[in-house]
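Open the model in your viewer and keep the selection box handy. We'll go stop by stop, picking something and looking at what surrounds it.

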Amino acid sequence: MNIIDIIEKKRDKMELSKEEIEYFINKYTNDEIKDYQASALVMAIFLNGMTEKETTDLTLAMANSGEVLDLSALNGIIVDKHSTGGVGDKVSIILLPLVSSLGVKVAKMSGRGLGFTGGTVDKLQSIPGYKTEIEMEQFIKNVEQIGISMISQTLNLAPADKKLYALRDSISCVESIPLIASSIMSKKIASGADKIVLDVTVGKGAFMQDIENARKLADMMIKIGRLANKQTTCILTNMNEPLGYSIGNSLEIIEAVQFLKGNMSEDLKQVVLKLGSYMIKLAGLGNNLEENENKMIENIKNGKAYEKFKQLVEKQGGNIAYIDKIENMRKANFIEPVYSINRGYIQEIDSKEIGKLASYLGAGRETKEDKIEHEVGIVLNKKVADKVEVNDILAYIHANSEEKLNCAKKRLLEIIKTSLEPIQKEQIILEIINGD
Ligand code: URA
């Protein structure tokens, strides 16, 4: 067997065997296959797709490319959560401490930003001192002691995904159902969760642009979950405009803290409560979804969710003085408003374009080696369907250079579209697909 024959087979639209997929994953993980050959194969998969069998074989090969965590020492059902990616998506940072405050055990491994989407790890790292890379024993100990740990995909879990994730990002091969399904499910299988809740984002700022493809991705991940004996629920959510108001790493931490203190934007609240109600149900802590939502609201009101977040930050080495006094988080050199030049109603805030703009400001990476500027980004002051007058503030730009500030101000006025006619707010929770 050799990689050239495997590339040729996929290039010519043939089905790869389990052995061929395993050969590629093992050799690539061990650096015995070069990035240029892996790129060719990934591009062929991107263009020609994979059958269900190939996707499942790829997922299992990736899951088994490193250690597979055994979390059975932790009493209780471990329910994991993952998003297929979005803009302004700070859901994990809010949701996981929230459900943890209600007794759901959380052992979460998150990713970095990919393409125009942000990553939870980059956001957590904007909290001074927060360590996202800790030893496995410490990770499990933290969950035992306080019920939650949130780290990066370190250790030796699904290393094949780690390499392929970065490769896909650098060769524009992210938006593929078999590649996303295998990437997410391999991590979930390797990280030892019993059950999984997936936020499958749909729309302009998501990798799935329409509901049909989002359904296909959800169905594929549910099938893989079933095969791996991990009950999976997919919640399809709208990602046409950014979620919440802030886009950028520390800016999203600030919004997450405000949310946990009760200041909740409507779209973010709907996503958090819906995903959370299913996490609580799958953890066996409440079958009534509406009651689960009420319990979460209660724990926001009584401060327990916020306390759990602080406990998490402290346990991971973070300085909670920054959380208590969130205004002390490091600020960008320039923070300036962008004023509306039109009146009417906000018609569109294309989240992909906003994600790209935030990345240009320094909130994301263009290459793997780029350093993130945690404090930069965009804070919206209006959302789609809001009324707007000339000279109303549309958003604030947080930038570290004057040149980027000015470019971003101009670009934002092009991205945020207004209409004279009233605009209907779009539905946020689009569909729920339950596995068994
Ligand atoms: N999130 C992942 O973990 N992998 C993908 O491919 C896309 C989103």
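Here is a short tour of some helices and one loop residue.

Before you click, note that this is a predicted model, where local features need pLDDT of at least 70, side-chain atom pairs count only at pLDDT 80 or more, and totals for chains, interfaces and linings use all residues. Residues are numbered from 1 along each chain as its sequence is written, and side-chain values use heavy atoms, with hydrogens and water left out.

**Stop 1: H4 and H10**

Select residues 52-63 (helix H4) and 211-227 (helix H10); they pack at an angle of about 60 degrees, with axes 11 Å apart. That makes H4 oblique to H10 (under 35 degrees is roughly parallel, over 145 roughly antiparallel, 65 to 115 roughly perpendicular, and the rest oblique). Helices here are DSSP runs of H or I with at least four residues, and strands are E runs of at least two, numbered from the N terminus.

Now show side chains. From H4, Glu52, Thr55, Thr56, Thr59 and Leu60 meet Met220, Lys223, Ile224 and Leu227 of H10, contact being heavy atoms within 4.5 Å. Sorted by class, that contact has 4 nonpolar, 3 polar and 2 charged residues.

**Stop 2: serine 65**

Move on to serine 65, in the loop between H4 and strand E1 (79-83). Is serine 65 buried or exposed? Its relative accessibility is 16%, so serine 65 counts as buried (buried is under 20% relative accessible area, exposed over 50%, partly exposed in between, with a 1.4 Å probe and protein chains only). Leaving aside neighbours within four places in sequence, serine 65 touches Ile25, Thr29, Ala158, Pro159 and Ala160. Add asparagine 156 too: 91 residues separate it from serine 65 along the chain, yet their C-alpha atoms are 8.5 Å apart.

**Stop 3: H11**

Select 249-260, helix H11. With 12 residues at 1.5 Å each, H11 should span 16 Å, and its end C-alpha atoms are 17 Å apart, which agrees; the expected span is 1.5 Å times one less than the number of residues. H11 is mostly covered, with 10 of its 12 residues buried, including Leu251, Ile253 and Phe259. Just after H11, glycine 262 has a positive phi of about 110 degrees.

**Stop 4: H14**

Finish with 304-315, helix H14, whose end C-alpha atoms are 16 Å apart, in agreement with the 16 Å expected for 12 residues. Its buried residues are Ala305, Tyr306, Lys308, Phe309, Lys310, Leu312 and Val313. Which elements cover them? The cover includes H11, helix H5 (91-100), helix H7 (136-146) and helix H13 (289-301). After H14 comes glycine 317, with a positive phi near 90 degrees.

Terms used: Axes fitted to C-alpha atoms, helices over the stretch in contact; angles between N-to-C directions. Nonpolar A, V, L, I, M, F, W, Y, C, P; charged D, E, K, R; others polar.
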